Amino acid sequence: MQSFQMEQCGKGIPILLQIAEKLDNNTQILKENTSLLKENTSILKENTSILKENTSILKENTSVLKENTNTLKDFKNETNTNLVDLKTIMSKHDLDAKERTSLIKKEIIDIKDRLSNLETAVSLSYSD
């Protein structure tokens, strides 16, 4: 019986050694994977931090963009108001200029009439 047990143990020892070797290999692979997982976790934490910073910057930029958009809208409205005012002033100026031109033309006509009358009077006085 002892001989049989020794024979069976002799057969089992190489198998147990193979199992132990495979277990050692699997343990080493598990350690390597754990190390990679730790590195990846560290990288993920860094990327998360960077993403939070970028999100914060994006929020700030969005706020500034909204302010600039409002400023541009205000500027546009003010410019449109100024343009309307300028058109009104120019239209009034054009009317005033037309009235003044019309008055000047009348004065020129009056002056020509008086000159014509004066020439007639002068020429009558020379002919006498």
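This passage describes the fold, surface and selected residues of a predicted protein model.

Residues are numbered from 1 along each chain as its sequence is written, and side-chain values use heavy atoms, with hydrogens and water left out. Because the model is predicted, local features need pLDDT of at least 70 and side-chain atom pairs count only at pLDDT 80 or more, while totals for chains, interfaces and linings use all residues.

The secondary structure of the protein consists of one helix and zero strands (DSSP runs, with at least four residues of H or I for a helix and at least two of E for a strand). The radius of gyration is 53 Å, well over the 14 Å given by the globule rule for 128 residues, so the protein is more spread out than a compact globule. This radius is taken over C-alpha atoms, and the rule is 2.2 Å times the number of residues to the power 0.38. Along the principal axes, the C-alpha atoms fill a box of roughly 180 × 25 × 15 Å.

Buried residues make up 0% of the 128 residues (buried means under 20% relative accessible area, exposed over 50%, and partly exposed in between, with a 1.4 Å probe and protein chains only). Residue L115 lies in helix α1, which covers residues 2–127, and is partly exposed with a relative accessible area of 46%.

Residue T101 is also placed in helix α1; at 37% relative accessibility, T101 counts as partly exposed. The C-alpha atoms of T101 and T27 are separated by 106 Å, the two residues being 74 residues apart along the chain.
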